[in-house]
Amino acid sequence: MCQLLGMNCNVPTDICFSFTGFQARGGGTDVHRDGWGIAFFEGKGVRLFLDPQPSCQSPVAELVRRYPIHSLNVIAHIRKATQGPVGLENTHPFIRELWGRYWIFAHNGNLVDYSPALDGSCVPVGQTDSERAFCHLLQTLRRRFPDGAPPPEDLREALDDFAAVTRRFGPFNFMLSNGDCLFVHRSTDLHYIVRRAPFAVAHLKDEDVSVDFSEVTTPDDRVALVATLPLTDNEVWTPLPVDRVVMFSHGERRAG
């Protein structure tokens, strides 16, 4: 299956270090060769980079790895295709508008015989189960909250309910953000770490690269990272609870 990477911070932060290790898993240190993508929120806007090439060979991925884009919320994905051919339209993350905000979604899993009834308010462009799930999710939220965006905790509960139904069709690891919070759901593998003062040196598992975060942060910084599998080999990553949507905000695990 695919792999996911998410970041939520209390101050705009770049993801260059973590993305260096994540990029290597796209056909280098792992088998996920069927495309990759990453989305950065900047205010209400989104920078979205997608490429159906393996991330370990992609010039676009190399650009992202070296380009210190600062963001409060980031979602990245490397794909191992299960449904839908390799192609740009099937490359995660996916982006849609709801309640006047962009929403970004990425999925790791395989939803078998999943054909939700869609009302046309959100229609898939590609052929993946992931994009169908995203469209169904936004349709469900629009119907549940017809008056507009709910408070974050009410949204988290709605996502919990949606995940409980959808995971009956197969593994449903996903990440979702509108730029305010990062919501994640674990079916199989998802781990997280919160980096805060006192910051220390971190070393990647997939590349021989280290960084001393005490040299590039302030004492008030907090950075929450979520990944399918831990990205570093000298830090303690915590598995997320299974079958529960967890919300990260301002670089902290807030609920779930």
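## Cores and a cavity: worked exercises

Leu 141, Leu 159, Phe 172, Leu 176 and Phe 183 touch the most other members of the 27-residue largest nonpolar core. The model is predicted: local features need pLDDT of at least 70, side-chain atom pairs need 80 or more, and totals for chains, interfaces and linings use all residues. Residues are numbered from 1 along each chain as its sequence is written, and side-chain values use heavy atoms, without hydrogens or water.

**Exercise 1.** Find which element gives the most to this core.

*Solution.*
- Fix the term: a nonpolar core joins buried Ala, Val, Leu, Ile, Met, Phe, Trp, Tyr and Cys residues through side-chain atoms within 4.5 Å; buried means under 20% relative accessible area (1.4 Å probe, protein chains only).
- List the suppliers of at least two residues each: β5 (94-98), β6, α3, α4 (152-166), β7 (172-177) and β14 (245-249). Helices (H or I, at least four residues) and strands (E, at least two) are DSSP runs, numbered from the N terminus.
- Pick the top one: α3, with six residues.
- Set apart the second core, which has 22 residues, including Leu 5 and Ile 15.

**Exercise 2.** State which residues Phe 172 touches, leaving out those up to four places away in sequence.

*Solution.*
- Apply the cut-off: contact means heavy atoms within 4.5 Å.
- Read off the partners, among them Phe 105, His 107, Phe 162 and His 185.

**Exercise 3.** Locate Gly 120 and classify its exposure.

*Solution.*
- Gly 120 sits in the loop between β6 and α3.
- Its relative accessible area is 49%, so Gly 120 is partly exposed; that class runs between buried and exposed, the latter being over 50%.
- Gly 120 lies 26 Å from Phe 41, C-alpha to C-alpha, and 79 residues away in sequence.
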